[in-house]
Every structure is written in structure tokens, then in C-alpha cells.
Amino acid sequence: MADVLQILPQQLVFGLALGTVYGLIALGYTLVYGILFMINFAHGEIFMIGAYVGWWVLSWLLQAQVGGLHPVWVVPLMLVHAMLFAGLLGVLLERFAYRPLYMRGATRLGPLISAIGASIFLQNAVMLTQGARMKVYMTSLLFPRTWRFQVAGVSVSVLVLVMVGVAAVMMWGLHLLVQRTSLGRSIRAVAEDREMAAIMGVNIRRVIGVTFFLGSALGGAGGVLVGLYYTQIDFFMGYSAGLKAFTAAVLGGIGNIRGAMLGGLILGLIESLAVTFMNPAYKDVVAFAILILTLVFKPTGLLGETVSDWEKV
Amino acid sequence: MLKLVDVVTHYGPIRVLKAVNLEVRAGEIVCLLGGNASGKSTTMKTILGVVRPTAGTVEFEGQRIDRLPTESIVRRGISLVPEARRIFARMTVWENLAMGAFTRQKAPPGELAEDFERVYALFPRLSERQQQPGGTLSGGEQQMLAIGRALMARPRLLLMDEPSMGLAPALVDQVFDIIQAINRQGTTILVVEQNATVALSIASRGYVLQNGRIVVHDTAAALLGADHIRRAYLGEN
Amino acid sequence: MRGWAPVGWQRRVAWGLGVVAVVGPLVAPNDYWIGVMTRICLYGTLALGLNIVVGFAGLLDLGYVAFFGIGSYLYAFLASPHFGLHLPFFVALPIIVVLTAFSGILIGAPTLRLRGDYLAIVTLGFGEITYLLLINLDRPINITGGPSGIVGIDVPVLAGFALSRNIEYYYLFLAAVAFALFASARLRHSRIGWAWQAIREDELAARAMGINTTVAKLQAFAIGASFAGIGGSFLASWQKSVFPDNFLFTESINILAMVILGGVGNLLGVVLGAVLLVALPEVFRDFHAYRLLVFGLMLMVLMVFRPQGLLTLETGAAKEEPDLAAAPEPEADARV
């Protein structure tokens, strides 16, 4: 028991880092759900592709033997590329795989199945073009393992600080965008009452496209961060990460931005604690259990509004 | 300014509007009266392009708008105060008003500030509640917010769908006084109402819609005066 | 069979399929293709089971593979050296049917208040949990045999006759799918079938008509699961082994695709879906690597261009655009 307590602070730090990344990815789900009431099942794959883009950038830089690699410019470079790519992919997905469906006023399950199809398609497209074997992020070249700080008695690597920092900055940026800008207002208006927003002159298609871009870009950023931290990425990583991020979004209250961030943190912490105290093979079960329990007992999540089942869901 | 000619609109297989002809001239207040399910809201939606007419034309300031997307129609200067207000409950009063001005984003900030001032002058209560979420306002305040929001677009034509609904009689009078004031400031208004008496008291002309057709059209005075019309179409009141 | 009366060409196709099904293996080029036909029957049974949940009752189950896995492993428990039990085939089968039906109720129960996407995700979660349990429950006590599964499952002995050749298994599986078809047809036009249809169309209205939606939904899960239980037993006895990787999420989607491809609720369509989705990958075996890629693409294309499936539901009633348990979508206006 004593050694469990000893690694506990470390695990908590890890949980925090994991949590912010989950939150970042969860934002993608929540933004899309808030505006379209659909679950973008392929979002996990967008996250995975973001990780691959980050890897390309890093590998290219290493291969081109660009000297003076320092995370302060390399990481933003990776992030920008991944976010742009992921964002555009999200927009394409919306335009061709989802829009024809929800425009028809079709049931929500048509888009869900199309999303599942997109998810399978993207997974395999990446597998076929990039190989089934995992790729490795040469993180140690950017963040030497000795580069750590002591924070409240716990040794924290700079990488973790960067991860949390980047995720926090992005979430804050999103928050500002949604709350303070005209675009953000139009997104919220469309989410709340689409017909009325149209009557106000909002271009609904454009707002939906922008929302997809934002959510997907954040997912892509999450991919880069996860790649840096775990160093191994493969074409299948989107599946479980996607489901967990979705769990985080639901836990916080799907459609609720602060909820996604809160849900991410909670899930990250619970998961790392669970791993400390029980068989790590079951950590995914923890996430699914949380998902099921939340949906069954409090489907609106922790911060969600109390809307009756028959309305929103 | 606005002209509907032989407009037919369907909702799925149902023909809701069967041949609607109506006209609103610049500077007027015109009211469209009728009972439930007469097609009043559908008329509004048709004008705004939320539903497309199956036949007939809608003209605004001489140009056809019936094939245009809502966004374009709104940008030409038509605003709606919708039935049951439909303000954005989760956004603050200020944000609701800002959304109303959405089509005028390119306008210089000075102008927008003027518009806020104008709305707050008309509705002092809104000024007090600027940062409150719309959902926390009372019914009457929400109605004011809905009107204010529509005014933020500086519309040339203001459509109002049942502004009296759900309001206490004293408030109804207040609201209609405000509608008159807005009209005097230069906005043309088309009011759709079930409460015929109040609507006709401020309008210059009125149309009566029944089962998707215009059955009566006359000056407001004439409509108010004619007993048989009152009883047949306007409801005993 | 009053319940199943496909119109016109569908009837001809159905008869054609029937003939091929009975005579096929006798004229098949080699044993491999008999194996393929056997798999078609297996998946046909599974798809018909899922069709009851998704197509009849309108409950989108993305974790159907869980029941398949439970049925398979149960058979492995009851008829292999693993626990030392060696129950005869026709003794084990009813036990498994009951137990999987029960698992259907267990998994279905928490989902009763959920609709649409959320129902789908929760069932997906259960499917994943089942997989994780199957692969990890070999410690501390070895229940499932872990990643290496359970092998050495008994050969089924039917009335003293031990099955050995593929063709013998085939006719057994054919009997299963025929049973599934028969049962589905009868169910659809039974009281419970009407209840399911009412629930699928409008659950609130169904309740208002006095239908006990809770019981009806649980029945759908239970019956659908029991079909998978049958399928699972058959797989275990044929393959003589079970592995967790037989029961991945992609399998759920595969079976769902069979249901959707043919036309949700349409029995002939479901069978055709099974035929296509088992046979086509065999035909294009050289392009095996692209199989999933094409599959994903197909799902997207299908939903965009022909969501009602290749064959639409043939019942005269309402023109069934498969309204897969939709909750009302906030004004998805076409003009927007």
C-alpha cells in the first residue's frame, strides 16, 4: 500500500495530462453535437490522423537534418500542420458524408452509420498508406528525459507541462471565440435554435462547416500531444481514444464546452487512479462503465441542462 | 413594398396557402388576421424563405424574393419577430440584440451603438437587464427583446407574428403602442394577429386569412366598423 | 406462411435462393465454397437476429457481437475439455438460447430510456466490455481462456451421428437460418411484431395506445440475442474453438451492414445482405487488403444514396423509409 501512495502523485500528474488531452478531443465531439445533434463517430480517426501529421512534420525535420530543433518552434509547427489538416478533413467529412444526410431531415442514425463508415474507411486508408506498424515519435530529441521540474514535490517532465499548457491555451482560446466573438455567437445561436438563427441571417452551412473545422482541429492537436507523450502511434489509436473522449464529453454534458473540459479531466484522473489500483488491462472497462452509467443515470451529464429524455435525446 | 401574388404553399402534401394575395406599402402598418391554422405563420415563413411557395410570387421592393435563401432575404431588410418570441434563452439580452444585428456586421461600430441606444430607449427594461440570459426574462420582457432584436437589423419591413400572444392585456396595449412608435420612426410593419381589435386599432389596412385564402380585405376602420365581418371572421370580442 | 409474402420479383428471388440453398452444396466446385455457404447461413442467422432488434423494434444495437460471443463461449463451456463438461449438442443448445436471451435482457435493460445515438453508443460500450472480459478473464481464475480462447470443442453429435464434413455442418446451419426466417416472419405479424412496429414509429404514441414498451423492447433484445446465441453455438461447434478476436466491434458493424444493405426489416433483404457481405469478399479475395476500406466507403455511400437499402420493406402499410428509432430532430429544415 505504501508504494501505491508513493506513486500516487505521479499518477495524478499523469492523469491530469491525460485529462487535458481527453478534454481537447472531447471538445470536438461536443461542438459537433451541440450544433447538429449527431455524434461524429469518425472524430477519433481525425485525432489519429492529426497524430500522423505531427509525426510527418517531425520526421521530415529530422530527415532534412534541420539543426537547432527546439520544442518552442517545432511543437507549434507540428500543431499547426496537424490542426489545419485535421480541420480540413473534418470539413470534407461534413460536406460529403454528413450534410447530404441531415439536410434530408433524415433520422440521426443515417449520419451515425455514415460516420461509422467514414471511421472504418479512414482507419484503413491510413493503414494501407502508412503501414500497419506503429510509428514512433522521437520525442526524446525534443524533450530530453532529464528535462524535468519539481512541482510540489513531484518530478514533472517539461513535456507534461507543455501538454497541459497547450491544451489549456487552446481551450481558453475556444472559450473566448465562442463567448466573445460574433462567430461564436452565431455558433451558439445555431446550436440553440437553428431556424431562428437562419432568420437572423446566419449562413447555417457556413457555421456548421466552421464548427466542424474547429472541433476537428482541436482533435488533431490532441493527436500531436498524445503522439509526443506516448511516442507510439498506429492507425487504430483513434478508436479507443475516440470512445474515451466521447465518454468525457458525455460525462461533462454533451454540447457543453466547459463540460467537455471538465469531463476530460475527471476521466483522465479516474482512469489513471484505476490503473494504479487495479489490473491495467481493464482500464478501458472503466471508461465504458462511466459512459454507460452516465448515459443511464444522468444522460445530460454533469453540467448539462436538465432536458427531459424525450426532447433532446 | 411587399407584394404576394397568388402564393400557394404546401407543407408536405397539405396545401396550407391556397392563393394568397396581399400587399404592404411603404410606411404602412398592415395586419393579417385569422384564427388558428388559417395559415398566418406559414405566410410569414413563405415571405422569409423558410419555406418555398409552390406557386405564385413574393416581391420585395420590386424584386422577386421567393426563390432566394432566407439569408439573402433578411439582408434585403426584412426582419421577423417570431411567434412565441423565440429569443435565444441561453444568450444574454445584449447578445440577443447583437445577433439581431448579425447582417450588419460590416457597419461601422458607431452605427451599431446607435441601434443599441435606440432599442434601450424604446425598452428601458432591457437596458437594465443587459447581461442577463434571455431565459430569465418575463414573458413581456421577452417580447420586448424579440422586437428589439428584430429592430437591430434596421429593417425596412418588420414582420410580427402574434405579438400579443401570452401577454396580459395591459402589456398588449403597451406593446402595440411601441409598434406604432416604431412605425412612426419609419419602419413598415406587417402584423399577424389573432387579437383583431388591438391590431386593427393601429393598422391602416387589414386582410383576413381563412383556410389559406384571403377572404376579406379592407381598411382597418371599415373592418372594425362592419358588424357582420366582426362576427364572421374576427371573432366575437 | 402468411407473414412473409414478398411481392413479384422478390418472390422469385426468394425461391431461387431457396433452391440454391438446398441444392448448392451438392454441385459446389469444392469444399471451400461449401464452407463459404455455411458461413453465409451462419451470418444469415445472426443478421436476422439483429434485424429483430434494429429492423422490427427500431433499436440500434451496435454491440450485437456481444451476444454472439456469449453464445459461442457458453457452448465452449458446456461442450469442451475446458470445464470438463460435455453436454450433447441438443442439450446445450436450449440452455444457451435461454442464457443468451437472458443476457439480452441484462444488456437491454439499462438502455430502455435511451434513444437514437445514445442507445447505439451504450450497446457499443457493452459490446466492448464483453470483448474485454472475454480476453482478460483468464486471471485470477481461468474462465475464458484469455487471448488464446478455448480449443478442442466437442464435435456435435446429432442423433448418434457425429458431424465431420463441411457439407454436414452446412445443412445444420441451413436449418438454423430457415428456422430464423420462419420465426422472424411469424414474429413480425404477431402481436409483439405490431407492438415493435408501433414503438419504432413513435414510442410515445405506442405507450399511449397501452403497449408496454419496456416489455416489448426487452423481448426484442432477448429474442434477437437468442438468435445470436444459436449462431454462436454453431460457430463454436464448427470451428471447434472460440477466440476473443472472433467477436470484435467490426463484427457488429458487419452484421449491421447486412441488415441495412438489404433493407432494414425486410427478411429477404437481410438474407441477401448476408449473402453479399460474405460472398463478395471471397470473390475478391485478392483484394483482401482493401476489404475494410471498401466496406467503410460502402456504408457512407449507402447512407447518402440509398439509406432504405437495396430492397425496401415490402409490406404495403406505410412506405417504410427505415425510421431507425429516430428521436425528433430539432427542425432539420431542408432550406437551412
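Where in α2(C) is the kink centred, and how many degrees is it, roughly? In this predicted model, the kink in α2(C) amounts to about 35° and is centred on C:Leu50.

**Chain C**

Helix α2 of chain C runs over residues 31-56, and its 26 residues, at 1.5 Å a residue, should span 38 Å, which agrees with the 36 Å that separates its end C-alpha atoms. Of these 26 residues, 20 are buried, so α2(C) is largely enclosed by the rest of the structure. The helix is followed by C:Gly58, a residue whose phi is positive, near 70°.

Elsewhere in chain C, C:Ile121 belongs to helix α5, which covers residues 116-136. C:Ile121 has 26 other C-beta atoms within 10 Å and therefore counts as buried, the cut-off being 20 or more. Its C-alpha atom lies 7.0 Å from that of C:Leu62, although C:Ile121 and C:Leu62 are 59 residues apart in sequence.

**Helix packing in chain A**

Two packed helices are described by the angle between their axes and the distance between the axes. For helix α6 (residues 158-180) and helix α9 (residues 204-230) of chain A, the angle is about 175° and the axes are 10 Å apart. That angle makes α6(A) roughly antiparallel to α9(A), because it is over 145 degrees. On the α6(A) side the contact includes A:Leu159, A:Met163 and A:Leu174, and on the α9(A) side it includes A:Leu214, A:Leu218 and A:Tyr229. By class, the residues of this contact are 12 nonpolar, with no polar and no charged ones.

**The contact of chains A and B**

Between the two chains, 15 residues of chain A are in contact with 19 residues of chain B. On the chain A side, α7 (182-192) and α8 (194-199) each supply at least two residues, and the largest share, 6 residues, comes from α7(A). This side of chain A divides into 6 nonpolar, 4 polar and 5 charged residues.

**Positive phi in chain B**

Two residues of chain B that are not glycine have a positive phi, and the table sets out their values and places.

| Residue | Phi | Loop of chain B |
|---|---|---|
| B:Glu61 | about 50° | between β4 (55-60) and β5 (63-64) |
| B:Arg85 | near 65° | between β6 (78-81) and α3 (93-100) |

Is each of these residues buried or partly exposed? B:Glu61 counts as partly exposed, because it has 14 C-beta neighbours inside 10 Å, whereas B:Arg85 is buried, with 26 other C-beta atoms within 10 Å.

Notes:
Residues are numbered from 1 along each chain as its sequence is written. Chains are lettered from A and ligands numbered from 1 in the order in which they are written. This is a predicted model: local features need pLDDT of at least 70, side-chain atom pairs count only at pLDDT 80 or more; totals for chains, interfaces and linings use all residues. Helices (H or I, at least four residues) and strands (E, at least two) are DSSP runs, numbered from the N terminus. A residue is buried if 20 or more other C-beta atoms lie within 10 Å of its own, exposed if 12 or fewer, and partly exposed in between; C-beta atoms are placed from the backbone. The expected span of a helix is 1.5 Å times one less than its number of residues. The bend at a residue is the angle between axes fitted to the seven residues ending there and the seven starting there. Axes are lines fitted to C-alpha atoms, for helices over the stretch in contact, and angles run from 0 to 180 degrees between N-to-C directions. Angles under 35 degrees count as roughly parallel, over 145 as roughly antiparallel, 65 to 115 as roughly perpendicular and the rest as oblique. Two residues are in contact if their C-beta atoms, placed from the backbone, lie within 7 Å. Ala, Val, Leu, Ile, Met, Phe, Trp, Tyr, Cys and Pro count as nonpolar, Asp, Glu, Lys and Arg as charged, and the others, Gly among them, as polar.
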